[in-house]
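Good morning, everyone, and thank you for making room for me today. Please have a look at the picture while I talk you through it.

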Amino acid sequence: MSKKARPRSLDDNEAKAVARMLRISPQKLNLVAQLIRGKKVASALADLEFSRKRIARDVRKCLQSAIANAENNHDLDID
């Protein structure tokens with residue numbers, strides 16, 4: 001009598017992490033997100049490490065969480 005399992009909403013080669021309750025405007029967050037969107041993991045982490053934006057620290061933390069989810073939950077390659 002339990003719920004039926006939902007099908008996975010992401011592709012088989014994708015992982016997801018969500019950061020909630022960030023106290024910053026969406027426009028400012030989107031500037032940092034556009035900076036790393038579509039890049040390799042090592043390049044994105046390096047860009048966030050040396051970014052002068054305050055929100056870059058929270059985005060880097062969320063990216064590292066998505067990397068950990070990909071490794072542990074879905075057995076994906078990091079790169």
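What radius of gyration does the protein chain have, beside that of a compact globule of 79 residues? The protein chain has 15 Å, whereas a compact globule of that many residues would have a value near 12 Å, with the radius taken over C-alpha atoms and the globule rule being 2.2 Å times the number of residues to the power 0.38. Please keep in mind that this is a predicted model, in which local features need pLDDT of at least 70 and side-chain atom pairs count only at pLDDT 80 or more, while totals for chains, interfaces and linings use all residues. Residues are numbered from 1 along each chain as its sequence is written, and side-chain values use heavy atoms, with hydrogens and water left out.

Along the principal axes, the C-alpha atoms fill a box of roughly 50 × 30 × 15 Å. The protein chain has three helices and zero strands, where helices (H or I, at least four residues) and strands (E, at least two) are DSSP runs, numbered from the N terminus.

Buried residues, meaning those under 20% relative accessible area with a 1.4 Å probe and protein chains only, make up 16% of the 79 residues. In helix 2, which spans residues 41-49, the buried ones are Val41, Ala44 and Leu48. These residues lie on the same side of helix 2, because they cover an arc of only 65 degrees around the axis, judged by the directions from the helix axis to the C-beta atoms. The buried residues of helix 2 pack against helix 1 (26-36) and helix 3 (56-72), a contact being heavy atoms within 4.5 Å.

Terms used. Buried < 20%, exposed > 50% of the residue type's maximum accessible area, 1.4 Å probe, protein only.
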